[in-house]
Structure formats: structure tokens, C-alpha cells
Amino acid sequence: NAEGATILAETVYKAMTGNYGGLSLPAIYTSGMVIQRDKPFVLRGTADAGRKITATLGKEKRHTPAADDGSWTLSFKARKATHEPLTLTLTDGDTTLTLTDILVGEGWLCSGQSNMAFMLRQANGAQTNIAEALTKEVRIYDMRPRVYTDAVAWDSTSLTQLNRLDYFVPTQWSPLTESNAPHFSAIAYHFGAMLADSLGVPVGLICNAVGGAPIESYIDRHTLEYHPELVDILTDWLRNDRIQEWVRGRGSYNIQRSTNPLQRHPYEPCFLYETGIAPLAGYPLRGFIWYQGESNAHNVELFATEFPTLVDSWRRTWGDDTMPFHFVQLSSINRPSWPHFRDVQRQLAQSIDHCEMAVSSDKGDSLDVHPRDKRPIGERLGRIALHHDYGYSHVVPSGPAIRSAHNKGKSIVLTFDHAEGMTSADGKPLLTFEVADEHGLYYPADKVTVKGNTIILQSKQAKQPTRARYGWQPFTRANLVNAQGLPASTFEIVAE
């Protein structure tokens, strides 16, 4: 169409003339930002072809020419964390950009769907937590959608912005304040606050979670196009039964006023990668935290392929296949597929390097997909990062984690990691353990005995036990915790 022709003409003009509009930086680089400590600070931008770019960060100065395509990259040395603000100045001889109040510390991207987007003001303890937030050395880059995916038909302006990949409202780095803290992600905040307190360094959090978003919307297009199992998900997404029916229905409802057959939507495969992840590429971070899955729980087997693909996609985008990727397991609610889904998430965390999972099933709500008790979940992610990424070996990262199962006569012996002080959370007998007989039929465990880092299960109805499972209910009353009060995950395991 005419707009596309204009874009093509402008692209050719820039290539022929070298005029790329002068010196500019990606939107993620603003005053007040937190740059990652102990990693080179890579700065990327555009300028007119051939122009010499000079950048000064603190007392360090760098030079580089802009390439023929207008791109340029500068790298500053790795720095230790500092609470003393730095100033970054860039110039191409004509234009000077100055960014102030820059700190060096720890940076994390916080993403997913509505439970990651769930705001501090909505969560339990909102008033206390918001007041506390104002005292933390946490800075945020909050990428909020222009339009939310509620059950409304969007207007023509919103539809046009989506087609231009203009989905997130322009923002900038900021400390937590009385005005922005209530609207920031509760889980991301509690995660960042725990890191700031424990590490004693500034923490920067980027959040771009979108309610209802399926995982495929966060994966890059090239990866999906060349993935033999996932490429079909790109075909006619509003009628593609690989995508959850609710997701397709909500997408169709939002864009019903559009007359454009190629109308874009945030739930479309690749869209949130293109609008929310690609613009951040290269900004140095420690890692990612993720809370998503509710919009993919209809197809557990497909998710088992999509999730590692997402992790690989983001790590390639940042050029580091060891970046931590920690996530929240789905909680408890009366939806039939969720026990199996939670167990697949547990297995994925075990199979992907530098990937750990925080359990949330003990904080679920049988009817509400948005449990309100977010502080423990954010802090469980914080424990994981402290233990695995920052060398805090004394911090227990999780509740009892199933390691193995063995037959012992008419019993099954389960062995756990992080098992010190295993007990019930409520002082009652341990619940929801089941044992399967030789035919694979499950029966409740009649006797559950804790012995050191093991639990011994017996069932009168399963005299030749072959496997065991725990927490295998959509909304579970499972109550196994360790001495730190951290819960065990749903699991199913075959006895050896």
C-alpha cells in the first residue's frame, strides 16, 4: 500500500545518501538507567553514514565511525557497581546527547503475561509494599501497552499503531516513586528489592509483560520460520488450533473494527518479540525472569517445545547462551490440564542449563487465575538468583525438589534435594501423595513417612508400587515444605 511504498522509498533514500536522520540512540538508553556491572557496556545507535561518534562515560572516552548503513557500536570497559551517578555524553559533531544519573548494578528483564504484569497496588499488602518500594535502590523501565487486551473492540488509531509495531508507550528509566510504584509489576519489584537488599547494589528492572499473551508472541520470526515443529503456528493464527481458543477469540474481538486483512495484534506469533524484545537487544543484562503459561496450557506437549525455543531465542538476541532464565511455575486453579502442565515446567527447568523454576501452587486461588499474594513469588525468584547466579550458597533456592524414586518392597522411597527439615506447611499430615500399582492406577498413600532427605510412601491398594505423584490436582492442597517454608513442586515419577 501507499504507506509501505513510502517506507521502501525512505529506506532506499537513506542507503543512497547516507542520511539516517542524525545521531540517535535506542529508546532503552535514557538518563537514570542502570547498566550491568562486570560486563562491557555496549552502546549502539545510528547516525549519518561516515560520521565520527565520540562518547564519554565518566572519564572513559571512545570513538567510532558510523557504518554505511548508519549503525555504530561502542564498548566501554566492564565496571564495578557504583551508587555514584555517571554521565554519558555522545556527539557526532553536530548533535550532542547527554544522559545523566546513570548507575552501575544489576539488570533484569521481567516479562510474560498478566501475573507478571499484576501491579503492586493490586497485590496483598499493597499499601505497605508501595511505601517500602520508595526506599529501595531499584530503578524501573516500565513498558506499558498503549491498549490492553481486555474484551473491547479497539479504535482505528490503536489498530494503526499496532500495524506500525508501535505498541508500548514511550518511557524512560526512573526510580520508584509514589506515582509509578503502585503500577509496577509486584513480582518484578519484590524480586528486584530482594536483590538490592542482599547484594547492596542498584538494580534495574525492565518490564514488558502483556496480559493473556501466548508464548509464541515472544519468539522471533526467524526461529519460528525455520523450526520444523513450530513453523505451522505462523499460518492464519486467528484460525490456528495450535493457538489457544481463548487467545484467538480475544484477538478477533479486539481487532473486529479493522478492515485490514493483515491487521496485527499483540497475541500474534512474533509480535511481542518484534515490539518488546528486539528493541532491547544488546542492552547489557544479567538475565530474565518470566511468568507465563496460562495462555498455552491447552497444549502441554506443544509448550514443551515452545518454551526452550523461547529461551534460545532470547539468549541468541543477547548473544549469550548462558544468561539465566528463571520462571514461575503455574499456580493452582480448577483447570484440568494444569497438574500435567506444572510437571512439564518442572522437567523443562531441569533440562535447560541456567534455568530454574519458582513454585507458586501454594499461593493459588481455585477460581481466580490472578492470585494476589505476589511477594513470596518474587522473593522465591530472588532466592533462585542469589543461589545460582550470585554464589550465595547459603541461600536455599527452593522447596524440596524430587530427585529419584526407588522400590523397596511394598514401599516407594522418594529422595529430594533441598530437603532439610521437610514437614507440612500447616502442621497437618502430608497431603496429596499418591502411589500407582503395576497397572498404573493411582491410589492415595496411606502412610507417608519423612526420613532425612527421603519420604517413604505406602498404599494398601498398590501392593506392587511402580510410580508416585504429588500435588496432582488442578487446585491442590499439597503441603510439603522444607525448613525455610518453601513448597515442593507438583511431580510424577517412575520408581527405579
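Glu 60 turns out to be buried, with a relative accessibility of just 9%, in what is a predicted model. Even so, Glu 60 has a charged partner: a salt bridge ties Glu 60 to Arg 79, with 3.2 Å between the closest N and O atoms. This pair brings together distant parts of the chain, since Glu 60 belongs to strand β4 (residues 60–65) while Arg 79 sits in the loop between β5 (71–76) and β6 (82–91), 19 residues apart. Arg 79 is buried as well, at 18% relative accessibility.

Salt bridges crop up elsewhere too, and a search of the whole structure turns up 24. One of them stays inside a helix: Arg 375 and Glu 379 meet through their side chains at 2.9 Å, N to O. Because these two are 4 residues apart in helix α11 (residues 375–388), about one helical turn separates them. Both ends are partly exposed, Arg 375 with a relative accessible area of 29% and Glu 379 with 26%.

Another salt bridge runs between strands. Arg 467 pairs with Glu 492, the closest N and O atoms lying 3.7 Å apart; Arg 467 is in β21 and Glu 492 in β23, 25 residues away along the chain. Arg 467 is partly exposed at 29% relative accessibility, and so is Glu 492 at 25%. There is also a network, in which salt bridges with shared partners join Arg 221, Arg 264, Glu 268 and Glu 274.

Back at the strands, β21 (residues 467–470) and β23 run antiparallel and pair over 4 bridges, with Ala 468 partnered by Ile 493 of β23. Strand β23 (residues 491–494) has two faces: Phe 491 and Ile 493 are on the covered one, whereas Glu 492 and Val 494 are on the uncovered one.

Definitions and conventions:
Residues are numbered from 1 along each chain as its sequence is written. This is a predicted model: local features need pLDDT of at least 70, side-chain atom pairs count only at pLDDT 80 or more; totals for chains, interfaces and linings use all residues. Side-chain values use heavy atoms; hydrogens and water are left out. Buried means under 20% relative accessible area, exposed over 50%, partly exposed in between (1.4 Å probe, protein chains only). Two strands pair if DSSP finds at least two bridges between them. A salt bridge is a side-chain nitrogen of Lys or Arg within 4 Å of a carboxyl oxygen of Asp or Glu.
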